Amino acid sequence: MRRPSPTGRPAGRPAAGGRAPRPRDAQPEQLGFDGMPERLFVCTPSKLGAYADCPRRYRYTYVDRPAPPKGPPWAHNSLGASVHTALKNWYALPTDRRRPEVLPTLLKGTWVRDGYRDDEQEREVYRRALGWLEAYVDGLDPADEPVGVERVVAVKTGVLAFNGRADRIDGRAGSDGPELVIVDYKTGRTGLDSDDARGSQALALYAYAAERVFRRPCRRVELHHLPSGTVAAHDHTVESLARQVSRAEETARDIMAAERTVADGGDPDEAFPTTPGPRCAWCDYRRTCPAGATVQGKEPWAAVDRPAAPPTEQD
């Protein structure tokens with residue numbers, strides 16, 4: 001039996017001239033407000049770099065679902081990952097165990113076997129990488145504790161929600177007091193110089209984020225090239241870091257505009273065009289991309305068979 005409402009009418013029945021009750025599954029209307037900020041673009045250095053290198057590659061990686069199949073794994077990526085992880089684990093050891101003789105064990109424990117032509121090539125590259133590591137740690141003070149190793153730093157701007165994993169963040173004495181230094185390991189192409197360090201958007205964004213996370217100045221960025229034992233460095237200014245952040249924001253705006261075009265039914269090929277060039281030979285999606293398919297691809301082990309690595313390093 002339906003219980004009467006306090007007004008004497010059965011529950012759910014509108015009064016004369018009244019409005020019918022809202023159906024149970026109806027949702028309140030979402031009101032928009034003029035001037036509300038746009039959503040932030042969540043990104044990493046590799047995400048920004050993918051679009052800067054080729055918008056079509058960005059689309060295949062981050063937009064298309066399901067994503068197109070990738071090509072086989074690259075040996076130079078396996079090499080870079082193995083060396084990076086070995087150095088991370090070296091710093092994870094107690095100070096008194098950070099000795100060159102532990103490196104064979106560390107490298108074997110982190111070694112990634114994918115992409116090599118055969119066992120003989122893999123063994124030769126392993127010996128090469130071990131030599132790099134032994135020479136590199138010979139120049140390190142085992143007692144030096146970095147501020148961070150494989151440390152994630154993050155920052156928000158008016159456009160970006162940036163996060164990235166820095167290989168190493170050192171704390172050093174600067175002219176005006178303690179400061180931070182971003183260190184990035186490289187195992188690929190030779191000939192890195194201060195221009196490479198100065199122009200690296202990734203390093204600049206790491207520095208910008210680290211300064212805000214740790215509340216210490218962070219202006220110096222360094223590329224430590226293990227094969228040659230050289231260091232390419234650059235000292236940023238507040239202004240030069242701001243310029244790099246602005247460049248990243250402009251890239252993010254372009255990406256968001258292209259994604260909106262696709263979401264609204266636009267042609268994805270036009271929204272994310274290709275930029276054909278030498279990088280196509282090294283692209284994971286060469287077989288999917290019409291432009292890339294016309295380029296002769298590189299063998300997965302090609303970069304470790306010669307002194308120069310591919311145009312876009314993944315280490």
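Helices and strands are DSSP runs numbered from the N terminus, a strand being a run of at least two residues. The structure treated in these exercises is a predicted model.

**Exercise 1. Find the element that holds Glu 150, describe its phi, and decide whether Glu 150 is buried or exposed.**

Step 1: Glu 150 is found in strand S2, which covers residues 148–156.
Step 2: Its phi is positive, at about 50°, although Glu 150 is not a glycine. As background, most residues other than glycine have a negative phi.
Step 3: Buried means under 20% relative accessible area. Glu 150 has a relative accessibility of 16% and therefore counts as buried.

**Exercise 2. Carry out the analysis of phi, place and accessibility for Arg 215.**

Step 1: Arg 215 is a residue other than glycine with a positive phi, near 55°.
Step 2: The residue is found in the loop between H7 and strand S5, the latter being residues 218–225.
Step 3: The cut-off for exposed is a relative accessible area over 50%. Since Arg 215 reaches 74% relative accessibility, it counts as exposed.

**Exercise 3. State which form the peptide bond from Arg 65 to Pro 66 takes, and locate Pro 66.**

Step 1: The bond from Arg 65 to Pro 66 has an omega near 0° and is cis. For orientation, most peptide bonds are trans.
Step 2: Pro 66 lies in a loop, with helix H2 (55–63) on one side and helix H3 (75–92) on the other.

**Exercise 4. Describe how helices H7 and H8 meet, beginning with their axes and ending with the residues of the contact.**

Step 1: Helix H7 spans residues 201–214 and helix H8 spans residues 238–263, and their axes come within 9 Å and cross at roughly 115°.
Step 2: Angles from 65 to 115 degrees count as roughly perpendicular, and H7 and H8 are therefore roughly perpendicular to each other.
Step 3: The crossing of the two helices, H7 and H8, is left-handed.
Step 4: On the H7 side the contact is made by Gln 201, Ala 204, Leu 205, Ala 207 and Tyr 208, while H8 contributes Leu 241, Gln 244, Val 245, Arg 247 and Ala 248.
Step 5: Sorted by character, the residues of this contact between H7 and H8 comprise seven nonpolar, two polar and one charged.

**Exercise 5. Work out the surroundings of Arg 172, including its distance from Val 147.**

Step 1: Arg 172 is found in strand S3, made of residues 160–174.
Step 2: With a relative accessible area of 29%, Arg 172 is partly exposed.
Step 3: If neighbours within four places in sequence are left aside, Arg 172 is in contact with Gly 177, Pro 178, Glu 179, Val 181, Val 183, Arg 220 and Glu 222.
Step 4: Arg 172 and Val 147 stand 25 residues apart in sequence, and their C-alpha atoms are 9.6 Å apart in space.

**Exercise 6. Place Ala 293 in the chain and give its distance from Cys 280.**

Step 1: Ala 293 belongs to the segment after helix H9 (268–271).
Step 2: Its relative accessible area is 46%, and Ala 293 is partly exposed.
Step 3: Between the C-alpha atoms of Ala 293 and Cys 280, which are 13 residues apart along the chain, the separation is 8.4 Å.

**Exercise 7. Give an account of the protein chain as a whole, in terms of helices, strands and buried residues.**

Step 1: The protein chain contains nine helices and six strands.
Step 2: Of its 315 residues, 40% are buried.
Step 3: The accessible surface of the protein chain comes to about 17900 Å², and carbon and sulfur atoms account for 49% of it.

Terms used:
Residues are numbered from 1 along each chain as its sequence is written. This is a predicted model: local features need pLDDT of at least 70, side-chain atom pairs count only at pLDDT 80 or more; totals for chains, interfaces and linings use all residues. Side-chain values use heavy atoms; hydrogens and water are left out. Axes are lines fitted to C-alpha atoms, for helices over the stretch in contact, and angles run from 0 to 180 degrees between N-to-C directions. Helices (H or I, at least four residues) and strands (E, at least two) are DSSP runs, numbered from the N terminus. Angles under 35 degrees count as roughly parallel, over 145 as roughly antiparallel, 65 to 115 as roughly perpendicular and the rest as oblique. A crossing is left-handed if the near helix is turned anticlockwise from the far one by less than a right angle, and right-handed if clockwise. Contact means heavy atoms within 4.5 Å. Ala, Val, Leu, Ile, Met, Phe, Trp, Tyr, Cys and Pro count as nonpolar, Asp, Glu, Lys and Arg as charged, and the others, Gly among them, as polar. Buried means under 20% relative accessible area, exposed over 50%, partly exposed in between (1.4 Å probe, protein chains only). Accessible areas come from the Shrake-Rupley method with a 1.4 Å probe; for residues, only the protein chains shown count as cover.
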